[in-house]
Amino acid sequence: MATQTDFWGEIGPAEVRTPAAILREQAALLGTKTRNVVVAKVSTQVDDDTFYHSFKLVVPALSGYAYELFIIANGVNPYPVTVAFSPPVKVKTEEEFTAWLKTILSSVETKRIISNLLAQATA
Amino acid sequence: MIADLAEEHKIDVIILAESEMDPNSLLRTLNHDPTAGFHLTASNCRRITIFTRFSRDFSRPTFESDRISIRTLSLPARAEVILVAVHFPSKLHLSDWDQGFECTQLARRIAEQEEAAGHRRTILVGDLNMNPFEPGLVGAAGLHSVMSRQVAARGSRTVQGNEYQFFYNPMWNHFGDANGGTAGSYYYDDAQHVNYFWNVFDQVMLRPELAERFDPSRLYILTSAGTRPLVRTDGRPDSTNASDHLPIVFELEF
């Protein structure tokens, strides 16, 4: 009997961190900064071969009010990522994506929104 | 001018898209007559400003983004409605495909809010920067809005195994110059082969639950505010002294 041949080769998870994983890491950090008054949530939808990830700021005390900061999309390959801005932004690598995300999350506009939500939640 | 329109048409809810006016200053102007009683609603959406004649306590935002504000209106002795205010990006910045994507995402957000509210008494108002016939507004997975109340009254339809709720879009009635006032709400002229010149980017849509109580003849694209024209002598919007979009006014019993 002939020896079985393994056509699969080595299989393991890609070493690159996916955009969704990076978003979830950052989302988990917000609650601790705001004592869970404002938390961040990531939800994912799949259409055909595209993954859409929505990043929202949620205020449980305001009946679950949600402010959607942005939506990103990627295909079966995690990169490039398209950000649904006007005009759309395309980031090609994990490094570019983390740099873009840092810019957005630490922006004056994001801080304004979170500050407003904190004030509204405790009013 | 906005205060004049509010007074002239007895407006209860004013929705402004991408207004550059200071909202508090405008609020003072709206309330120059102490009986006007306008309130600025709470919102984190930069591009939408909403004033109401009723207490802001009756208007609670549930979902917002940079361009979308979804809120419930719960007036005493009235059934609650969901008000969706939108300002979509300009065609100058987005492809047709991207505009369609915006509609699909908005349709999902509306469905989520309707699910949470437990009803579909929903009104959508805004500058969509698309005409009512474009795929994002007509497509089942988009806003799925149709020109006929009778068709919308079906409630939903199933496409490829998925059920999609209808909107009724009365703005289809406002194309062209047959009604005498204006041929659209926004004018754009450039040297491309296909050019509609007049567009109906500013729209109102209603779920069938509200459409049955809506009279399309009570929806107007305005060309004047009192004695002041909002259009130039050639009929195009006067963007210098008013706005590049003409305002729409409608009545709805709910």
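This briefing introduces chains A and B, where they meet, and a few residues worth finding first. The model is a predicted one, in which local features need pLDDT of at least 70 and side-chain atom pairs count only at pLDDT 80 or more, while totals for chains, interfaces and linings use all residues. Residues are numbered from 1 along each chain as its sequence is written, and chains are lettered from A and ligands numbered from 1 in the order in which they are written.

**Chain A as a whole**

- Chain A has three helices and five strands; helices (H or I, at least four residues) and strands (E, at least two) are DSSP runs, numbered from the N terminus.
- Read from the N terminus, the order of elements in chain A is α-β-β-β-β-β-α-α.
- The radius of gyration of chain A is 19 Å, whereas a compact globule of 123 residues would have one near 14 Å. This radius is taken over C-alpha atoms, and the globule rule is 2.2 Å times the number of residues to the power 0.38.
- Along the principal axes, the C-alpha atoms of chain A fill a box of roughly 80 × 30 × 25 Å.
- Of the 123 residues in chain A, 21% are buried, meaning that 20 or more other C-beta atoms, placed from the backbone, lie within 10 Å of a residue's own (12 or fewer is exposed, in between is partly exposed).

**Where the chains meet**

- Chain A and chain B each bring 13 residues to the contact; two residues are in contact if their C-beta atoms, placed from the backbone, lie within 7 Å.
- On the side of chain B that touches chain A, strand E4 (59–65) and helix H3 (96–117) each supply at least two residues. E4(B) gives the most, with five residues.
- Strand E3 (residues 65–74) of chain A pairs with E4(B) in the parallel sense over three bridges; pairing requires that DSSP finds at least two bridges between two strands.
- Tyr67(A) stands opposite Glu64(B), a residue of E4(B).

**Inside the core**

- The largest nonpolar core has 78 residues, and Leu57(A), Val84(B), Ile123(B) and Leu206(B) touch the most other members. Such a core is a set of buried Ala, Val, Leu, Ile, Met, Phe, Trp, Tyr and Cys residues joined through C-beta atoms within 7 Å.
- Beyond its neighbours within four places in sequence, Leu57(A) is in contact with residues including Val38(A), Tyr67(A) and Leu117(A).

**A look at Trp198(B)**

- Trp198(B) lies in strand E13 (residues 198–199) of chain B.
- Trp198(B) counts as buried because it has 20 C-beta neighbours inside 10 Å.
- Leaving aside neighbours within four places in sequence, Trp198(B) is in contact with Ala183(B), Gly184(B) and Tyr187(B).
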